[in-house]
Amino acid sequence: MRLPDYTKCVEINQLLVAMGVKTIPTLPVVRFEKEIIKRFEREYFDHEDVKIGEQLIDSAIPVYKSDLTQRPGELLEYKGRKVVAYIRDQRATIDFDCNYSNYRYHLCNCITLQSMRDIGREERYLATQRNDGMFEVHDLTVHPIQKGIVRMDLCKNCEEILRKKRKYFAPFNLKKYFETNDSYTPKAIKKIEEVRSIQTYSPKQADYSREYRKACNNKCRICSVDCSEATGFLHMHHINGDKSNNDRHNLQILCVDCHSKQPLHRRMLGNPKFKRQIEIITKLRIDQGLLTV
Ligand SMILES: [Zn+2]
Ligand SMILES: [Zn+2]
Ligand SMILES: [Zn+2]
């Protein structure tokens, strides 16, 4: 006949501990650390927006009427920037010898620009921030198309609007126009960034209890009953009775039953709450296959 494994017997273990024959292993080391997450806002330039700004200065961007300022008489804007609008593909003869075209460039949503839009002229306007008064044009009246960079003048209607707005000056030049009217800075994108760090903290009584129970897998250190479902049944016991000494050598994690069997703890049995809990612990041990005599 095989004898039961009495080393697992709850009552025998409790007895051996009480007799001082068996010592409860010291609690494992617990680090009282917590993760600190710091959030802060950082600003990045919107690369797309920066690219648009560079393209406008270096060359010209085809724009549809919906992209430009809609309100009549207002200074032309494209994506927040003041721009010059002009037609690159021209059907009037361009004087390439004198580097000059009779076409005019626009700075405002003038009548010419509005009527061009209204009749749905298919020429697409180009927007640029080039500021030397020179424009890249294509002469469509010759074959093959002749391309070049020519000077153009400001549209008369736009000049009128600028005069009314007191933004016209003579001799007019685009460099000064942009300097005084365009103060656009590329858009910034705000992003929330997280920095995680581990910091040690000074534990309170509840922290010791919680962390040591966790370190013991919510099991009693004498009878091994698993109290994961009832962590309140696991107590943090101070071995020398000094509740201010939370050194792990002075602490143990014990179920309410094993706790009540510690020296000077018999009074616990007078507490109806603990008595009820001890009954539940007994059932838990049976459910968990822990031997009892
Ligand atoms: Zn105009
Ligand atoms: Zn126990
Ligand atoms: Zn105790």
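## Domains

The domain assignment, whose bounds come from an automatic or database source, divides the protein chain of this predicted model into domain 1 (6-32 + 202-287) and domain 2 (48-190). The C-alpha centres of domain 1 and domain 2 lie 84 Å apart.

## The zinc ion (ligand 2)

Cys-220, Cys-223, Cys-255 and Cys-258 are the protein donors of the zinc ion (ligand 2), each through its SG atom, at 2.2 to 2.3 Å. Donors here are N, O and S atoms within 2.8 Å of the metal (3.2 Å for Na, K and Ca), and water is not among the atoms, so sites may look incomplete. The arrangement is tetrahedral because the angles between the four donor atoms run from 106 to 114°, the term requiring four donors with all angles between 85 and 135 degrees.

The spacing of these donor residues in sequence is C-x2-C-x31-C-x2-C. Cys-220 and Cys-258 link distant parts of the chain, 38 residues apart, with Cys-220 in the loop between helix H6 (205-215) and strand E12 (234-238) and Cys-258 in helix H7 (residues 256-260). Helices (H or I, at least four residues) and strands (E, at least two) are DSSP runs, numbered from the N terminus.

Cys-220 counts as buried because its relative accessibility is 3%, and Cys-258 counts as buried at 0%. Buried means under 20% relative accessible area (1.4 Å probe, protein chains only).

## The zinc ion (ligand 3)

The zinc ion (ligand 3) has as protein donors His-237 (ND1), His-259 (NE2) and His-265 (NE2), lying 2.0 to 2.1 Å from it, with the sequence spacing H-x21-H-x5-H. Both His-259 and His-265 are buried.

## Basis of the description

Residues are numbered from 1 along each chain as its sequence is written, while chains are lettered from A and ligands numbered from 1 in the order in which they are written. In this predicted model local features need pLDDT of at least 70, side-chain atom pairs count only at pLDDT 80 or more, and totals for chains, interfaces and linings use all residues, while side-chain values use heavy atoms, with hydrogens and water left out.

Definitions and conventions. Tetrahedral: all angles 85-135°; square planar, octahedral: opposite > 155°, others 65-115°. Buried < 20%, exposed > 50% of the residue type's maximum accessible area, 1.4 Å probe, protein only.
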